[in-house]
Amino acid sequence: MAANTTQNSMADDRAHNPAPRQPPALSKWLQEKTFGLGLINMSLFIILNVTGILLMFYYVPDTDKAYKVIKDLEFVINFGAIFRNMHRWSAYAMIILVFLHMSRVFYMAEYREPRELNWVIGLVLFICTLVAALTGYLLPWDQKAYWGMTIMSNVMASAPVIGEKLKFVVLGGTEIGQNALSRAYDIHVKLMPLIISTLIAVHLIRNRADDLTANPGLHGNAADGSWSDIITREFAKFLLILIVMMGASILFGAPLEEEANPSVTPVPAKAPWFFLGLQELLSWGAPFWFAIVIPNVLLLFAFLIPFIERGKTGAGVWFHPSRRLQNILFTAFVTVAIGLIILGAYFRGPGWRFYWPWQPWPLH
């Protein structure tokens, strides 16, 4: 009787005090999907927005004041140089890592059905990242920014029929001045953050939906772990990225040359490093072909890749043998693109003539 009474009591306790619910098991997909380069780019975008907002408290988009404000950030305002450095290096890192992220997608053929739209979104994100960097490049209003934008606007003007009109719209006139600075500021701080954040949200949603469409079994794969594990791990990665960017910002200052002076042309005048490959290509021949036709044909082909290369073989596998030709061609393209940037950065001097890095430039 005593034993039965004890058992009944335990049963009643269980009925009134059910065992605490265990956190829902995460799918195998969610545990294995570590958001490597994707998370790093999101972290950099967050850092860019936070530091950008802090810089907006001081910056004035006025040709008479912009450079002075940047100088104050460098030498007067507490932590101003750190925030500016973090903003600059995070922007450059994001350009590189977005490109690496897209390269990883290509090498694993993860742009195939049903992920075609997400590849296009990712490519648009990369273009928007370049536009944001280019417009931000002008804001310090120093010589490097002014003449870099001059080169890029001249490249736009080389487009047939619409070139001059496009340059006028971008600059707000026929030359770089207050209108150009105001428009660059508006595009950089208002338009681009809105577009990029929207595209990132759609990109992430589509990424999850496409993976579930391609692998329906992911819905029910049980795995050990919880949402708290995922959040903790990814937050730790964000903190690591933040520490790295802060360290780089303490050790390396963002460049700042003399105030913009339209009457003094740097020798040689160079575009921002992420467009130096285009400037180098432009030096090889007619602007129409080398600055407009070739880059835009390559860009159009990049958009069409998922719709040209169909099938399932090799998808999700690094350097699959069935895609040897595609991987070789893409690697050759990347090598040439990087080579053009290096050539323009380190081997071009006055008159855009070739010089070895250790070779002195002529004084006159």
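**Note on the predicted model: fold, confidence and buried salt bridges**

1. Of the 364 residues in the chain, 41% are buried. The model is a predicted one, and its secondary structure consists of 13 helices and zero strands, so that the pattern read along the sequence is α-α-α-α-α-α-α-α-α-α-α-α-α. Among the contacts in the chain with a separation of 6 or more, 78% are accounted for by residues 24 or more positions apart.

2. On confidence, the mean pLDDT of the chain is 84, and 85% of the residues reach 70 or more. Two stretches deserve caution when the model is read. Over residues 19-35 the pLDDT stays under 50, although the model has 36 contacts for this stretch beyond four places in sequence. Residues 220-225 likewise have a pLDDT below 50, with 14 contacts in the model beyond near neighbours in sequence. Where pLDDT is low, the predicted coordinates should not be read in detail, and the contacts listed for residues 19-35 and for residues 220-225 are best taken with that reservation.

3. The structure holds six salt bridges, and three of them are described in this point and the next. Side chains of opposite charge can pair when their charged atoms come close. In one such pair, Arg 104 forms a salt bridge with Glu 110, with 2.5 Å between the closest N and O atoms. Glu 110 has a relative accessible area of 19%, and because the cut-off for buried is under 20%, this residue counts as buried.

4. Glu 309 takes part in two of the salt bridges, one with Arg 112 at 2.4 Å, N to O, and one with Arg 323, where the closest N and O atoms are 2.9 Å apart. Glu 309 and Arg 323 both lie in the loop between α12 and α13, so this pair ties together parts that are 14 residues apart in sequence. Salt bridges that share partners thus join Arg 112, Glu 309 and Arg 323 into one network. Which residues of this network are buried? Both Glu 309 and Arg 112 are, and Arg 323 is buried as well.

5. Helix α6 has 23 residues and reaches 34 Å from its first C-alpha to its last, which is close to the 33 Å expected at 1.5 Å a residue. Of these 23 residues 18 are buried, so α6 is largely enclosed by the rest of the structure.

6. Helix α7, residues 143-157, packs against helix α8, residues 163-171, at an angle of about 145°, and the axes of the two helices are 7 Å apart. On the α7 side the contact is made by Met 149, Ser 153, Asn 154, Met 156 and Ala 157, while α8 contributes Gly 163, Glu 164, Leu 166, Lys 167, Val 170 and Leu 171. By character, the residues of the contact of α7 with α8 divide into six nonpolar, three polar and two charged.

7. A last point concerns a single residue, Ser 43, which lies in helix α3, residues 36-56. Is Ser 43 buried or exposed? Its relative accessible area is 2%, and because buried means under 20%, Ser 43 is buried. Leaving aside residues up to four places away in sequence, Ser 43 touches Phe 238 and Ile 241.

Note on methods
Residues numbered from 1 in each chain as written. Predicted model: local features only at pLDDT ≥ 70, side-chain atom pairs only at ≥ 80, totals over all residues. Heavy atoms only, no water. Salt bridge = Lys/Arg side-chain N within 4 Å of Asp/Glu carboxyl O. Buried < 20%, exposed > 50% of the residue type's maximum accessible area, 1.4 Å probe, protein only. Helix = DSSP H or I, 4+ residues; strand = E, 2+ residues; numbered from the N terminus. Expected span 1.5 Å × (residues − 1). Axes fitted to C-alpha atoms, helices over the stretch in contact; angles between N-to-C directions. Contact = heavy atoms within 4.5 Å. Nonpolar A, V, L, I, M, F, W, Y, C, P; charged D, E, K, R; others polar. pLDDT = per-residue confidence, 0-100.
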